[in-house]
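Subject: Structure for you to look at

Dear colleague,

Please find the structure below, with the sequence. My notes follow it.

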Amino acid sequence: MVELEVHECECEVCRGAEEHPDRERHRHLNAVLSRLDEQQRRWVVALESEQWGHGGDTRMAVITGLHPETIRRGRQELAEDLAGRPVGRTRLPGAGRPVVEKKSRNSNRL
Ligand SMILES: [Zn+2]
């Protein structure tokens, strides 16, 4: 059985001691993200990032643990209305380890 890893938000509010509505929102967001596949995760976070405008990717990276570059890519895909992206799940639930987002070709050989 694969154990689902839910990212813990590392924003100021969530690390602080005081109660704040953002904390629940960030927790829920990360819970939802943990059930999505890579591309769905990227799009949901990109959508959230768009609401913030400048600095959104950095902010969402802190909250969700996704790389800012991954979020930027998600925004780009949204801007193209997801044209060319596969429909449906990109992999079955629990089917092995998540695919590494950024692939570097020939990284292990010359
Ligand atoms: Zn937070």
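I started from what packs over helix 3. The buried residues of that helix are covered by, among others, helix 2 (21-33), helix 4 (56-64) and helix 5 (68-79). Please keep in mind that this is a predicted model.

Overall layout

The chain has five helices and zero strands, so the order from the N terminus is simply α-α-α-α-α, each run being taken from DSSP. Of the 110 residues in the chain, 14% are buried. Counting contacts between residues at least 6 apart in sequence, 58% join residues that are at least 24 apart.

Helix 3

Helix 3 covers residues 38-52, which is 15 residues. From first C-alpha to last it reaches 22 Å, close to the 21 Å expected at 1.5 Å a residue. Its buried residues are R41, R42, V45, A46 and S49. They sit on the same side of helix 3, because the arc they cover around the axis is only 130 degrees. The general rule behind such a pattern is that an α-helix has 3.6 residues a turn, so residues three or four places apart point the same way. After helix 3 comes G53, with a positive phi near 70 degrees.

R75 in helix 5

Which residues does R75 contact, leaving aside its neighbours within four places in sequence? They are A46, S49 and E50. Two of these, A46 and S49, are listed among the buried residues of helix 3. R75 itself belongs to helix 5. Its C-alpha atom is 8.6 Å from that of V45, a residue 30 places away along the chain. R75 counts as partly exposed because it has 19 C-beta neighbours inside 10 Å, while a buried residue needs 20 or more.

After helix 5

Two residues in the segment after helix 5 have backbone angles to check. D81 lies in that segment and has a positive phi, near 55 degrees, without being a glycine. L82 is also placed there; its phi is positive too, about 60 degrees, and L82 is not a glycine either. Are these residues exposed or partly exposed? D81 counts as exposed, because it has 8 C-beta neighbours inside 10 Å. L82 is partly exposed, with 13 other C-beta atoms within 10 Å.

Regards

Terms used. Residues are numbered from 1 along each chain as its sequence is written. This is a predicted model: local features need pLDDT of at least 70, side-chain atom pairs count only at pLDDT 80 or more; totals for chains, interfaces and linings use all residues. Helices (H or I, at least four residues) and strands (E, at least two) are DSSP runs, numbered from the N terminus. A residue is buried if 20 or more other C-beta atoms lie within 10 Å of its own, exposed if 12 or fewer, and partly exposed in between; C-beta atoms are placed from the backbone. Two residues are in contact if their C-beta atoms, placed from the backbone, lie within 7 Å. The expected span of a helix is 1.5 Å times one less than its number of residues. The arc is that of the directions from the helix axis to the C-beta atoms.
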